[in-house]
Amino acid sequence: AKLEILEFPDPRLRTVAKPVEKVDDELRKLIDDMFETMYDAPGIGLAASQVNVHIRLIVMDLSEDKSEPRVFINPEITPLTDDTAPYEEGCLSVPGFYEKVERPARVRIKALDRDGNTFEEEADELLATCIQHEIDHLDGKLFVDYVSRLKRDRIRKKLEKIHRQRA
Ligand SMILES: O=C(O)C[C@@H](Cc1ccccc1)C(=O)SCC(=O)c1ccccc1
Ligand SMILES: [Zn+2]
């Protein structure tokens, strides 16, 4: 089922997500609903926090044709370089706004997959950017936290206006 995506400045987006205790069929149902929601948006990543489920779960698919679905459960990342890389980030919880964000260019990711097996991988480019953006969601952080307060307030006011105009 398609799930509702929380939008900035909803305070529930600031919740710090708890570790997943059991990788079971109930979790896999949520994972499937998150993929359906992400592909429909469309987006290339989605954190459980964004659909108001505050557990440490991320889905992602960086492919053009929905051919590379990835699941990260209880992800941990370690920067592998002091070099940072800029990227014009978007966010399904801040629809219509894109801002340049600098993040570590290469990271090591350790997580559980949808079967509960531990895996590790090194990431650079868009995977590095996206996993860090998603893990920020699990820690209650948004990409607008990296721009000036002036810019953040402008974005907040515009979205609050749109939310007021909704029925
Ligand atoms: O809000 C999210 O976490 C999803 C977000 C992930 C992300 C994108 C770019 C940089 C960092 C993190 C998005 O998917 S925004 C939409 C988007 O980037 C996109 C949508 C369709 C096709 C390609 C990209
Ligand atoms: Zn986001």
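Colleague: When I look at the largest pocket, which helices and strands each supply at least two residues of its lining?

Modeller: Helix H1 (25-40), strand S4 (84-89) and helix H2 (125-138) each supply at least two residues of that lining, and the largest share, six residues, comes from H2. Please keep in mind throughout that this is a predicted model.

Colleague: How is such a space found, and how much of it lies in the largest pocket here?

Modeller: The general idea is that rolling a probe the size of a water molecule over the atoms shows where empty space is left. In this model, about 570 Å³ of space lies in the largest pocket. The pocket is lined by 29 residues, and the closest to its centre are Pro42, Gly43, Gly90, Cys91 and Leu92. Sorted by class, the lining has 14 nonpolar, nine polar and six charged residues.

Colleague: Cys91 makes me think of the metal; which residues coordinate the zinc ion (ligand 2)?

Modeller: As a general reference, ideal angles at a metal are 109.5 degrees for four tetrahedral donors, and 90 or 180 degrees for six octahedral ones. In this structure the zinc ion (ligand 2) is coordinated by Cys91 through SG and by His133 and His137 through NE2, at 2.1 to 2.3 Å. Water is not among the atoms, so the site may look incomplete.

Colleague: What spacing do the donors of the zinc ion (ligand 2) follow along the chain, and where do His133 and His137 lie?

Modeller: The spacing of the donors is C-x41-H-x3-H. Both histidines, His133 and His137, lie in helix H2, four residues apart, which is about one turn of the helix.

Colleague: Are those two histidines buried or exposed?

Modeller: A residue counts as buried under 20% relative accessible area. His133 is therefore buried, with 8% relative accessibility, and His137 is likewise buried, with a relative accessible area of 2%.

Colleague: Stepping back to the whole chain, how many helices and strands are there, and in what pattern?

Modeller: The chain has three helices and seven strands, and read along the sequence they follow the pattern α-β-β-β-β-β-β-β-α-α. The radius of gyration is 16 Å, close to the 15 Å that the globule rule gives for 167 residues, so the chain is as compact as a globular protein of that length. Of these 167 residues, 41% count as buried. Among contacts with a separation of 6 or more, 65% are between residues 24 or more positions apart.

Colleague: Where do the cis peptide bonds occur, and what omega do they have?

Modeller: One cis peptide bond joins Phe8 and Pro9, with omega about 5°, and Pro9 lies in the segment before H1. Another joins Ala41 and Pro42, with omega about -10°; Pro42 sits in the loop between H1 and strand S1 (45-47), and is among the residues closest to the centre of the largest pocket.

Colleague: For the backbone angle phi, which values do Asn52 and Asn74 have, and how accessible are these residues?

Modeller: Asn52 has a positive phi of about 65° although it is not a glycine, and its place is in the loop between S1 and strand S2 (57-60). Asn52 is partly exposed, with a relative accessible area of 33%. Asn74 also has a positive phi, of about 50°, although it is not a glycine, but Asn74 lies in strand S3 (residues 70-79) and counts as buried at 19% relative accessibility.

Methods
Residues numbered from 1 in each chain as written. Chains lettered and ligands numbered in written order. Predicted model: local features only at pLDDT ≥ 70, side-chain atom pairs only at ≥ 80, totals over all residues. Heavy atoms only, no water. 1 Å grid on protein atoms, 1.4 Å probe; cavity = no way out; pocket = protein on both sides within 12 Å on 5 of 7 lines; lining within 4 Å. Points joined across faces, edges and corners; volume = space filled by probe spheres on them. Nonpolar A, V, L, I, M, F, W, Y, C, P; charged D, E, K, R; others polar. Donors = N, O, S within 2.8 Å, 3.2 Å for Na, K, Ca; no water. Buried < 20%, exposed > 50% of the residue type's maximum accessible area, 1.4 Å probe, protein only. Rg over C-alpha atoms; globule rule 2.2 N^0.38 Å. Contact = heavy atoms within 4.5 Å.
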